[in-house]
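Welcome! Please take a moment to look over the chain below, and then we can walk through it together.

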Amino acid sequence: MYETEPYGITYDRLRLDKNVRRLVEAHNIRTVLELPADGAKAMPSIYSLAFGMCGCDIHLFNPKEQGLAVWERLGMRDRVTVHEGQTTDTGLDSDSFDLVWNFVSVGFDPRFPQIIQEMARLSRRHVMTVHCNGFNIGYPWHRFLHRIFRLEWNHGETAYFFPRKVRQTYRDSGMEPVDFGLFDMPPWPDPPGFRDIRLHLNGGNDVESKIWTAPIEDVYATGRVPKRLRALSKVEDLPIPNLVRFPFSHLFYILGRVR
C-alpha cells in the first residue's frame, strides 16, 4: 500500500525541526540516539533528520529501511549508526549520548516507564520525548471516532498525552524536567478524522506495511518550503501564550536532564 504524508505531517516535521535547531545550540548536542526510530502514521526513521542537518552524529535504534534510504538520498547516511535490540534493554553502554529521544511512539508503549529508565541510563546529558497533546480540541473527537467505528484504542496509555504525567515519569527515572514546549499549531484539530479512520481501517499504525513518500525529503533537498506551511509557521512563531497554545497544538515535548 502506497501512502504519501499529507501537509499536516510535513508541518509536524518542520516545527519539530525548528525546536531541534534551538535545542542543539542551547545544549551543545553532538551525539543523538533515537530510541526507537519509529514512525507515527508516517515514514519511520527520519525524525532525526534535523539533528543530522545540524551536524550531529546520529544513532538509530531499530530503524526501517525506507527511512535509511532517505538518509542515503540526502547524502547523510554516513552520519548514521544503526543499533538493534530490545527497547527496554538495549545492551548499549551507559552515558553514551548527549541526547536520547523519541517522537510519539514510546508514549503509546505500555512499557513507557521502563523505556524512559533505559533512555536515562544511555544518556550523559538529556532525554527528550515528544507526545500527542491531550488538551488539543481534537482529542475528544479522536476518542469519539474510535467508539463510533468500534475501533480498538491503539494509542497507548492516554495519561502520557498530558505533561504532568510525563514529567512525573521523568522524575521517577532520576531525571529533572528542564524544558517544555508546545508546537505544531495549525488551525485544524488533531486528528482531522478522515485520514485517521482510513489508516485505522487499513492497518492503523503498522507503518512497515506501507510504502511511504515523505515530502519533507524534497524540502531538505531543495530548501523550498510550501507557501502555506511558511504562512502557518509565521503565525505559530508569534508570542502566543501557552494558555492559547494548549487547545490548538498537536504536540508537546519534555526535555529532562540526567542527574
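In which sense do E5 and strand E6 pair, and over how many bridges? Strand E5 and strand E6, the latter covering residues 123-132, pair in the parallel sense, and six bridges hold the pairing. One place to see this is Phe 97, which stands opposite Ser 123 in E6. Please keep in mind that you are looking at a predicted model.

**The chain as a whole**

Let's step back for an overview. The chain has ten helices and nine strands. Its C-alpha atoms fill a box of roughly 45 × 40 × 40 Å along the principal axes. A compact globule of 259 residues would have a radius of gyration near 18 Å, and the 17 Å of this chain agrees with that. Buried residues account for 53% of the 259 residues. The chain exposes about 12100 Å², and carbon and sulfur atoms supply 53% of that area. Among contacts between residues at least 6 apart in sequence, 80% join residues at least 24 apart.

**The sheet**

Seven strands form an open sheet with mixed pairing, in the order E4-E3-E2-E5-E6-E9-E7. At its edges are strand E4 (80-83) and strand E7 (175-183), each of which pairs on one side only. On average, neighbouring strands of this sheet are turned by 20° against each other, direction ignored.

Here are three of the pairings, for you to find in the picture:

| Strands | Sense | Bridges | One facing pair |
|---|---|---|---|
| E3 (residues 57-61) and E4 | parallel | four bridges | Phe 61 and His 83 |
| E2 (residues 31-34) and E5 | parallel | three bridges | Glu 34 and Trp 101 |
| E5 and E6 (residues 123-132) | parallel | six bridges | Phe 97 and Ser 123 |

Strand E5 appears twice in this table, paired with E2 and with E6. How many of the residues of strand E5 (residues 97-103) are buried? The strand is mostly covered, with seven of its seven residues buried.

**A buried phenylalanine**

Now have a look at Phe 51, which is found in helix H2 (residues 49-53). Its relative accessibility is 0%, so Phe 51 counts as buried. Which residues does Phe 51 touch, once its neighbours within four places in sequence are left aside? Phe 51 is in contact with Val 20, Val 24, Val 32, Cys 56, Ile 58, Leu 99, Trp 101 and Met 128. One of these partners, Trp 101, is also the bridge partner of Glu 34 in E5. Gly 134 lies 83 residues from Phe 51 along the chain, and their C-alpha atoms are separated by 27 Å.

**A helix with two sides**

Helix H9 (residues 227-236) makes a nice last stop. Its buried residues include Leu 229, Leu 232, Ser 233 and Glu 236. Why do they line one face of the helix? Seen down the axis of H9, the buried residues fall within an arc of 100°, so they line one face. As a general rule, an α-helix has 3.6 residues a turn, so residues three or four places apart point the same way. The buried residues of H9 pack against helix H1 (7-27), strand E7 and helix H10 (242-248). Strand E7 is one you have already met, as an edge strand of the sheet. On the other side of H9, Lys 227 and Lys 234 are exposed.

Note on methods: Residues are numbered from 1 along each chain as its sequence is written. This is a predicted model: local features need pLDDT of at least 70, side-chain atom pairs count only at pLDDT 80 or more; totals for chains, interfaces and linings use all residues. Side-chain values use heavy atoms; hydrogens and water are left out. Two strands pair if DSSP finds at least two bridges between them. Axes are lines fitted to C-alpha atoms, for helices over the stretch in contact, and angles run from 0 to 180 degrees between N-to-C directions. The radius of gyration is taken over C-alpha atoms; the globule rule is 2.2 Å times the number of residues to the power 0.38. Buried means under 20% relative accessible area, exposed over 50%, partly exposed in between (1.4 Å probe, protein chains only). Contact means heavy atoms within 4.5 Å. Accessible areas come from the Shrake-Rupley method with a 1.4 Å probe; for residues, only the protein chains shown count as cover. The arc is that of the directions from the helix axis to the C-beta atoms.
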